[in-house]
Protein chains: 2
Amino acid sequence: MVETMDDPLSRAGQSKTKPLADKRRRMNPSEREAQIVEGAIGFFAEHGFEGKTRDLAKRLGITQPLLYRYFPSKESLIERVYQEIYLQRWNPEWESLIPDRDRPLVDRLTRFYKEYARAVYDFVWVRIFLYSGLKGVDINDRYLAIIKDKILVPVCRELRHDNGLPPMEDVPFNNEELELAWGLHGMFFYRAVRHFAYGLPIAKDIDRVIENDVRVFVTGARAVHGSMLERADR
Amino acid sequence: MVETMDDPLSRAGQSKTKPLADKRRRMNPSEREAQIVEGAIGFFAEHGFEGKTRDLAKRLGITQPLLYRYFPSKESLIERVYQEIYLQRWNPEWESLIPDRDRPLVDRLTRFYKEYARAVYDFVWVRIFLYSGLKGVDINDRYLAIIKDKILVPVCRELRHDNGLPPMEDVPFNNEELELAWGLHGMFFYRAVRHFAYGLPIAKDIDRVIENDVRVFVTGARAVHGSMLERADR
DNA sequence: TTCGTTATTTATCATTTGATAATTAATTAT
DNA sequence: ATAATTAATTATCAAATGATAAATAACGAA
């Protein structure tokens, strides 16, 4: 029986009630700044960007005006949170993984999504991504453009090659095909939404789930990919 | 070439700048209430539940205190929005669709997700679902429990039958199997997240996309479903 | 037309909230 | 030890926000 994992709220390490810095003042500025940013990430992930600066300060065990010594405004702190979250968690090596035809496609995809999960199946990441998406922040679009260009389109390319379909130079790439690859990505990412946004339990052995997802996708895609190309040209 | 659909923000009917009720006062109370609720749905879907009552009132073309004649508090209005959104959009007929073995499983699934899409691929629904999920509202959990019990578990049951696997009475249902069905649901629902939360374009011909999703899933699931049951007992 | 009812608005309150200024005190340099 | 520096706190401000009370005016009944 496959176990499930509960309590998505548990962020490893930081306890929730942690104004334990009772009398410890005068921290090294760069340390303090880092502490504020990290705290803000967790805080906004939990409460959304409408979370109050006073509550954030309380959580950090500092006073609210101190935030304004390090950031000129709440908005600038939020901006910093975006930077930290988005830029830190993309590994360019992933991009070279997909087109590596020395290995079977199923292996490549499984490997990619397992590693990607390690970076992204995370309370703060998922929730900040959703909150900023709903807010319509542009950095969100840019991130998704990378997903599309560096992962999904290459996946389609490899899928064609694997299934003996004509390359994109001969039969142009089309949106229906892109949706196919978004399907795999949706299987993958919606699990994170379920767990970290909705608070539902998720299977404990993520790796096995990913293996299944990829097998389902690659096997199933073979059955439909071809027909998309036929209908595609004119 | 498959077209794509842009501007997820467009909610059919109501224009965004609409305080056009310039001098028309004294509306029938039940009408007014309905108008407020509908306006609140669109408003909170757009701005989240932290949206300000004054902005909502402005959008409705009424004054802010009038809201409080119809709802004792902002929270009670939000509660009403939940009711309206969640209760109104579940069709019990869908539940009987899945187990109908007179039709091929692919047909049943395609039909269900097409009809479900008509109810749920919708700006306000998707966003309020996400906002309330992030907020941790219990009605969200209850809705997802219905999805699981009435759709996903039945899907697994039918999938077993279709692939000649032992019924649940013989080999018990397990979480890995459930994750399989969540995979299909994720393909489906993540498209809505992409479009309505992230603002990305989505293929115009939703029906065709759903057909592809279901074919990919059913074909691919056949390749992995069996192995889950073997490992499952003990 | 006049009057009574009540839907709606205007005026206002008490908190909350992002932000600033003045004050205090921890740490380092002399 | 003493003074200088500046991290951090305390004390506030002004605007925003949920909510209430009093005043107004639209509509139906007489």
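1. Surface near DNA strand D. In this predicted model, both protein chains contribute to the surface near DNA strand D: α1 (29-47) and α3 (64-70) of chain A, and α2 (53-60) and α3 (64-70) of chain B, each supply at least two of its residues. There are 20 residues around DNA strand D, and A:Met27, A:Pro65, B:Pro65, B:Ser73 and B:Lys74 come nearest. By class, the surface near DNA strand D holds nine charged, seven nonpolar and four polar residues.

2. Surface near DNA strand C. Around DNA strand C there are 21 residues, of which A:Pro65, A:Ser73, A:Lys74, B:Met27 and B:Pro65 come nearest. Two or more residues each come from α2 (53-60), α3 and α4 of chain A and from α1 (29-47) and α3 of chain B. Ten residues of the surface near DNA strand C are charged, seven are nonpolar and four are polar. A:Pro65 and B:Pro65 are among the nearest residues to strand C, and both are also among the nearest to strand D.

3. Relation of the two chains. Chain A superposes on chain B by a rotation of 180 degrees with 0.0 Å of shift along the axis, at an RMSD of 0.0 Å. The two copies are therefore related as by a two-fold rotation axis. Within chain A, the C-alpha nearest that axis belongs to A:Gly220, at 2.1 Å.

4. Contact between chains A and B. Chain A gives 45 residues to the contact and chain B gives 45 residues. On the chain A side, α7 (123-135), α8 (138-162), α9 (175-197) and α10 (206-232) each supply at least two residues. The most come from α9(A), with 14 residues. The chain A side that touches chain B divides into 23 nonpolar, 13 polar and nine charged residues. Because 100% of the interface residues of chain A are also interface residues in chain B, the copies meet through the same surface.

5. Packing of α7(A) on α7(B). One pair of helices across the interface is α7(A) and α7(B), whose axes lie 11 Å apart at an angle of about 140 degrees. The angle makes α7(A) oblique to α7(B). The crossing of α7(A) past α7(B) is left-handed. From α7(A), the residues in contact are A:Arg127, A:Leu130, A:Tyr131 and A:Leu134, and from α7(B) they are B:Arg127, B:Leu130, B:Tyr131 and B:Leu134. The contact of α7(A) with α7(B) contains six nonpolar and two charged residues, and no polar ones.

6. Packing of α1(A) on α4(A). Within chain A, the axes of α1(A) and helix α4 (residues 74-88) come within 10 Å and cross at roughly 90 degrees. The two helices are therefore roughly perpendicular. On the α1(A) side the contact is made by A:Val37, A:Ala40, A:Ile41 and A:Phe44, which meet A:Leu77, A:Ile78, A:Arg80, A:Val81, A:Glu84 and A:Ile85 of α4(A). Eight residues of the contact between α1(A) and α4(A) are nonpolar, two are charged and no residue is polar. For context, α1(A) also supplies at least two residues of the surface near DNA strand D, and α4 of chain A gives two or more to the surface near DNA strand C.

7. Packing of α8(B) on α9(B). Within chain B, helix α8 (residues 138-162) and helix α9 (residues 175-197) have axes that come within 9 Å and cross at roughly 105 degrees. The pair α8(B) and α9(B) is therefore roughly perpendicular. The residues involved are B:Ile147, B:Leu152, B:Val155 and B:Cys156 of α8(B), together with B:Glu177, B:Leu178, B:Leu180, B:Ala181, B:Trp182 and B:His185 of α9(B). The contact of α8(B) with α9(B) comprises eight nonpolar residues, one polar and one charged.

Terms used
Residues numbered from 1 in each chain as written. Chains lettered and ligands numbered in written order. Predicted model: local features only at pLDDT ≥ 70, side-chain atom pairs only at ≥ 80, totals over all residues. Near = placed C-beta within 6 Å. Helix = DSSP H or I, 4+ residues; strand = E, 2+ residues; numbered from the N terminus. Nonpolar A, V, L, I, M, F, W, Y, C, P; charged D, E, K, R; others polar. Contact = placed C-beta atoms within 7 Å. Axes fitted to C-alpha atoms, helices over the stretch in contact; angles between N-to-C directions. Parallel < 35°, antiparallel > 145°, perpendicular 65-115°, else oblique. Left-handed = near helix turned anticlockwise from the far one by under 90°. Least-squares fit on C-alpha atoms with pLDDT ≥ 70 in both.
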